[in-house]
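Reader: I've got a fold I'd like to walk through with you. Can we take it strand by strand?

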Amino acid sequence: MSPMPSPLRIAFLGCGFITRVHSRNLRRFQSEIVCGYASRDKAKAAAFCGEFRGSGSYSDYADAINDPNIDAVVIAVPPSFHLNLTLQALSAGKHVLVEKPAYLTMADYQVVREARDRAGRVVLVGENDHYKPLAVTLRKLIADGAIGEMVFAHFSTIAKRLKSAEDWRNDESMAGGDAFFEEGIHWLHLAASLGPNIASITGFRPAPSSEGPDRRAKSMLVSFTYDNGAVGSLYYSREIPSLFRGLRLSKLMGRKGVITFESNGTVVLVRGEGLPRIMFPGFRDIRGYQAMYRDFRESIERGTQPQMSLERAMDDQQLMDQIYSSLPTDPVGLMA
């Protein structure tokens, strides 16, 4: 692969909430990454470009994809549009960072993998949770044997964050599925990326609420076994009030100790041999976006695939498929 010009020139496809999050984190990379903005709303693209001092704006996604001055695109639109835009970008010779969930089916991932290999480009699936300091810290603690042989893993992400009636996430044809598919996949990845692999997995979904404008199924309980013999659970909900509107504690329990961590990544408590340790994984890049973009840029420069490659995301999709295939079609007799 030929050397990439510096700085990396990217274009965001979509100017919504998540593009704003990415752009704020990219302020630290102004000399390394230059951003353009594309939207079907020309005024919105121009507004984002002005707010974040971008290199230019586009009133059409195709204009950004086909701009010879653009090296890579960030696909930040609803999941139902990801596949088509990815294939267009790869066909135009662009590298791709695509928000997660990246694609709706395993077949879609396979199509993209073939297109990636033909184009010889980098595709990074935007799983920022893989890069956040909490995940890095937990992986190191497990690898170092801080709790000995793992017995239990308990992950909790409970909060009441309802969507408005007009939010696209209420349309499963755009979102690709319910709340767990669209957002819970980040937590599934965390559970699956600590070192031991998830060998089997089952989902349990409560009946969705019939009240309010957010009619999605918003809760899921997942149980699983690791290939090291440990068992685990993941409690996910976006309809249950939580302490301080988001404080949640999760635990990794082993035969020599216990790791308790605040699920957002603020603090980790390790209890094992010796005195307890309190660790603060890192606030500067607490959500991992900066590390993710650093990996994206370095992968392009080296001509290698990133940590969050298509293959790694396909592992998560396989687990997600197993969860949904395990759900009963009518868990509480509502169709009787």
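Reader: Which residue in β13 does Phe261 stand opposite?

Author: Keep in mind that this is a predicted model. Strand β12 covers residues 258-262, and four bridges join β12 to β13, residues 268-271, with the two running antiparallel. Across that pairing, the residue opposite Phe261 is Val268.

Reader: OK, and which residue of β12 is the bridge partner of Leu252?

Author: Here we're on the other pairing of β12: five bridges join β11 to β12, again antiparallel. A hairpin of three residues links the two strands. The bridge partner of Leu252 in β12 is Ile259.

Reader: Is Leu252 on the buried face of β11 or the other one?

Author: Side chains alternate along β11. Leu249, Lys251 and Met253 point to one face and are not buried. Ser250 and Gly254 point the other way, and Leu252 goes with them, so its face is the one that counts as buried, under 20% relative accessible area.

Reader: Which strands stand at the edges of the sheet?

Author: The sheet is open, with eight strands in the order β8-β9-β10-β7-β11-β12-β13-β14 and mixed pairing. Each edge strand has a single partner, so one side of each is left without a neighbour in the sheet; the two are β8 and β14.

Reader: What angle does helix α6 make with β12?

Author: Helix α6, residues 133-143, packs on the sheet. Among the strands α6 touches are β7, β11 and β13. Its direction relative to that of β12 comes to about 180°.

Terms used: Residues are numbered from 1 along each chain as its sequence is written. This is a predicted model: local features need pLDDT of at least 70, side-chain atom pairs count only at pLDDT 80 or more; totals for chains, interfaces and linings use all residues. Side-chain values use heavy atoms; hydrogens and water are left out. Buried means under 20% relative accessible area, exposed over 50%, partly exposed in between (1.4 Å probe, protein chains only). Two strands pair if DSSP finds at least two bridges between them. Contact means heavy atoms within 4.5 Å. Axes are lines fitted to C-alpha atoms, for helices over the stretch in contact, and angles run from 0 to 180 degrees between N-to-C directions.
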